[in-house]
Amino acid sequence: MGNQTLITEFVFLGFSNHPNLQILFFLVFLVIYTITLLGNMLILTLVRNDPTLHTPMYFFLSNLSFLDICYISTTVPVMLVNFFQHRKTISYSGCMAQLFFLITCAGTECVLLAVMAYDRYVAICKPLSYSSIMNTRLCVQLAGFAWLCGLVNSLVHTLLTSAIVMYKSNQLSHFFCDVPLLLKLSCSDTFVNEAVLHLASALIGLSPCLFTVVSYGYIISAILKIRSAMGRFKAFSTCTSHLIVVIIFYATSNFNYNRPSSGYSLDIDTLVSSLYCIVTPMLNPVIYSLRNKEVKGAFKKMVIKYFASVAQSRGGVGTQQ
């Protein structure tokens with residue numbers, strides 16, 4: 001290709017080093033995608049149908065589950081199709097669309113996890129005022145704020161990136177479109193793009209992370225003041241699932257974006273990015289299902305109710321015959 005090229009499509013190089021393993025990759029990521037969809041849809045169904053889960057904590061959890069479905073659906077379907085293509089491509093417009101939805105989901109999740117940390121802070125540090133503080137109106141406003149932050153952040157990045165029209169190459173060392181990768185290929189001056197990227201990282205990434213850390217500082221301090229061991233365990237158990245999700249999300253995202261750009265092979269880059277934007281959405285419902293008694297209880301009730309209705313319908317058919 002020439003020094004400067006008007007791009008109509010991008011070529012993904014991720015997973016291209018192992019042409020003989022494409023079917024295996026397809027099956028692995030298909031299973032991950034299926035588990036993610038089923039797990040998060042299950043949580044959405046349980047929260048919607050079980051009255052015991054109609055609380056602020058599970059309202060935010062249902063937002064997280066819907067977000068994870070959107071998050072993984074921005075990358076995996078295209079990747080699954082490309083496993084059967086000799087050239088793994090995406091159109092320029094498709095790349096910009098993928099970029100928009102990916103950044104929206106990532107930014108929203110950062111803020112939403114901080115909102116969930118605030119919910120746990122109020123529940124543990126101010127239990128008597130919890131229901132009055134975390135009322136329905138505030139919960140909707142906080143969730144809306146998280147989505148608005150993600151959308152505005154994504155819109156700014158997508159518009160700035162779409163203003164770049166000339167690239168050195170159309171080959172992306174990845175399996176999805178991302179701002180840093182596109183800026184690296186740009187022939188244009190990217191000072192504004194990079195400045196906005198650093199600003200957004202501080203506002204949308206670092207600030208919610210610090211807010212979450214401070215919230216858990218207060219939470220742990222309040223838990224340690226509880227005299228009984230059973231009381232401490234019960235209080236801490238209400239936020240362990242969220243804490244694990246936060247640690248996994250920030251650990252993988254930090255390693256993905258803040259490690260040295262050189263010294264890593266394409267395979268390592270692809271693996272790290274897979275952990276960040278594909279495996280993490282799958283783990284969230286698993287963590288909340290395994291560590292949360294209320295979710296497990298709601299699931300058992302739903303299963304019992306389902307089999308009872310099946311048995312009743314079969315009994316009704318048998319009686320009619």
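Entry 1. Terms and model.
I take a residue as buried under 20% relative accessible area, as exposed over 50%, and as partly exposed in between. The model I consulted is predicted. I applied this scale to Phe-101, whose relative accessible area is 47%, and therefore recorded Phe-101 as partly exposed. Its ring partner Phe-100 also counts as partly exposed, at 21% relative accessibility.

Entry 2. The pair Phe-100 and Phe-101.
I noted that a pair of aromatic rings is described by the distance of the centres and the angle of the planes. I looked up both values for Phe-100 and Phe-101: the ring centres lie 5.3 Å apart and the planes stand at 75°. Planes over 60 degrees apart count as edge-to-face, so I entered the pair at 75° as edge-to-face.

Entry 3. Aromatic pairs elsewhere.
I found 18 aromatic pairs in the structure. I then examined Phe-25 and Phe-83, whose ring centres are 6.1 Å apart with planes at 35°, and I recorded the pair as tilted because of that angle. I located Phe-25 in helix α1, residues 22–49. Phe-83 lies in the loop between α3 (76–82) and β3 (89–91). The two residues are 58 residues apart, and the pair links distant parts of the chain.
I checked the accessibility of each partner. Phe-25 is buried, at a relative accessible area of 16%, and Phe-83 is buried as well, at 6%.
I also traced a cluster linked by ring pairs, with Phe-15, Phe-25, Phe-29, Phe-83, Phe-175 and Phe-176 as its members.

Entry 4. Asn-82.
I moved to Asn-82, which is found in helix α3. Asn-82 counts as buried, with 7% relative accessibility. I followed its side chain to the backbone oxygen of Thr-89, which it reaches at 3.5 Å. Leaving aside residues up to four places away in sequence, I listed Phe-12, Arg-87, Lys-88 and Thr-89 as the residues that Asn-82 touches.

Entry 5. Strands around β2.
Two residues touched by Asn-82, Phe-12 and Thr-89, led me to the strand pairing. I found strand β2 (residues 9–12) joined to β3 by three bridges, with the two strands running antiparallel. Within this pairing, Val-11 has Thr-89 in β3 as its bridge partner.
I then looked up the pairing of β2 with strand β5 (residues 171–172), which is parallel and extends over two bridges. Here I noted Leu-172 in β5 as the bridge partner of Phe-12.

How values were computed
Residues are numbered from 1 along each chain as its sequence is written. This is a predicted model: local features need pLDDT of at least 70, side-chain atom pairs count only at pLDDT 80 or more; totals for chains, interfaces and linings use all residues. Side-chain values use heavy atoms; hydrogens and water are left out. Rings of Phe, Tyr and Trp (its six-membered ring) pair if their centres lie within 6.5 Å; planes under 30 degrees apart count as stacked, over 60 as edge-to-face and the rest as tilted. Helices (H or I, at least four residues) and strands (E, at least two) are DSSP runs, numbered from the N terminus. Buried means under 20% relative accessible area, exposed over 50%, partly exposed in between (1.4 Å probe, protein chains only). A polar contact is a pair of N or O atoms within 3.5 Å; within protein, one must be able to donate a hydrogen and the other to accept it, and residues adjacent in sequence count only if both atoms are side-chain atoms. Contact means heavy atoms within 4.5 Å. Two strands pair if DSSP finds at least two bridges between them.
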